[in-house]
Amino acid sequence: MRKFFQDFKNFATKGNFIDMAIGVVIGTAFNKIVSSFVADIITPCLGLVLGKVNFTELKIVFREAVEATETTPAVAELAMTYGNLLQYLIDFLIVAFTLFIVVRIMNRARESAEKRRAEKEAEEKAAAEAAAAEPAEPAPTKEELLLTEIRDLLAAKKD
């Protein structure tokens, strides 16, 4: 489990161009799904657990709004709304984690294929070395051919 989180940390901080390209494509594809999942399922559940809080309404008010009167103009509320930021952070974590899993699976598949390829090359090399190490039967010399012919003639004469 520790290696899993170490891999995730490395992915999040040191990703290469292929990982980033995959992240962009898949992140774009999952954007609406993840946003809906967070906004429609996770956030309401968290709001219920946290005391019926609506995340989109979470804010820190610096200055209250003032309605316009006959002598003064209206003043808008000055507030830092952080509820949507929380939703976007949850979106990001889900997308990043999903991409990490996809890239990790792809990397493992690639490593496995490279390992099989290396094993196959090693087997082929060992077979080639074994074939080269076995002495090939030498071609018969002229004397052996002549003796074989004489033997065959004598055997044919006996019959």
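Reader: How many buried residues are there among the 17 residues of helix α4?

Author: The count is 0, and α4 is therefore described as hardly covered, given that a residue must fall under 20% relative accessible area to be called buried. Please keep in mind throughout that this is a predicted model. Helix α4 runs over residues 142-158, and its first and last C-alpha atoms lie 25 Å apart, close to the 24 Å expected at 1.5 Å a residue.

Reader: Which residues of α3 are buried?

Author: In α3 the buried residues are Gly83, Gln87, Ile90, Asp91, Val95, Ala96, Leu99, Phe100, Val103 and Arg104. The span of α3 can be read in the way used for α4: its 51 residues should cover 75 Å at 1.5 Å a residue, and the end C-alpha atoms are 74 Å apart, which agrees.

Reader: Arg104 is on that list; why does Arg104 count as buried, and what is in contact with Arg104?

Author: Arg104, which is found in helix α3 (residues 83-133), counts as buried because its relative accessibility is 15%, and the cut-off is under 20%. Once its neighbours within four places in sequence are left aside, Arg104 is in contact with Phe4 and Asp7.

Reader: Which residues make up the largest nonpolar core?

Author: That core has 11 residues, namely Phe4, Phe11, Ile22, Ile26, Val34, Val38, Ile90, Val95, Leu99, Phe100 and Val103. Two or more of its residues come from each of α1 (2-14), α2 (17-49) and α3, with α3 giving the most, at 5 residues. To follow one member, take Ile22, which touches Gly27, Leu99, Val103 and Met106 when residues up to four places away in sequence are not counted.

Reader: Where should I look for nonpolar side chains at the surface, and which residues make the patch?

Author: Look at Ile60, Phe62, Leu78 and Met80, which make a nonpolar surface patch of about 380 Å². Strands β1 (59-63) and β2 (78-81) each supply at least two residues of this patch. Phe62, in strand β1, is exposed because its relative accessible area is 55%, over the 50% cut-off, whereas Ile60, also found in β1, is partly exposed at 39%.

Reader: What does Ile60 contact, and how far from Phe97 is Ile60 in space?

Author: Leaving aside neighbours within four places in sequence, Ile60 is in contact with Leu78, Ala79, Met80 and Tyr82. Between Ile60 and Phe97 the C-alpha to C-alpha distance is 30 Å, and the two residues are 37 apart in sequence.

Reader: How many salt bridges does the structure hold, and which side chains form them?

Author: The general idea is that side chains of opposite charge can pair when their charged atoms come close. The structure holds 2 salt bridges. In one of them Lys59 pairs with Glu77, with the closest N and O atoms 3.0 Å apart; this pair links distant parts of the chain, since Lys59 lies in strand β1 and Glu77 in the loop between β1 and β2, 18 residues apart. Both partners are partly exposed, Lys59 with a relative accessible area of 38% and Glu77 with 33%. The side chains of Arg151 and Asp152 also meet in a salt bridge, at 3.3 Å from N to O.

Reader: Are Arg151 and Asp152 buried, partly exposed or exposed?

Author: Arg151 counts as exposed at 53% relative accessibility, while Asp152, at 42%, counts as partly exposed.

Notes: Residues numbered from 1 in each chain as written. Predicted model: local features only at pLDDT ≥ 70, side-chain atom pairs only at ≥ 80, totals over all residues. Heavy atoms only, no water. Helix = DSSP H or I, 4+ residues; strand = E, 2+ residues; numbered from the N terminus. Expected span 1.5 Å × (residues − 1). Buried < 20%, exposed > 50% of the residue type's maximum accessible area, 1.4 Å probe, protein only. Contact = heavy atoms within 4.5 Å. Core = buried A, V, L, I, M, F, W, Y, C linked by side-chain atoms within 4.5 Å. Patch = residues over 30% accessible without salt bridge, like charges linked within 9 Å, V, L, I, M, F, W, Y side chains within 5 Å. Areas by Shrake-Rupley, 256 points an atom, 1.4 Å probe, with all protein chains shown as cover. Salt bridge = Lys/Arg side-chain N within 4 Å of Asp/Glu carboxyl O.
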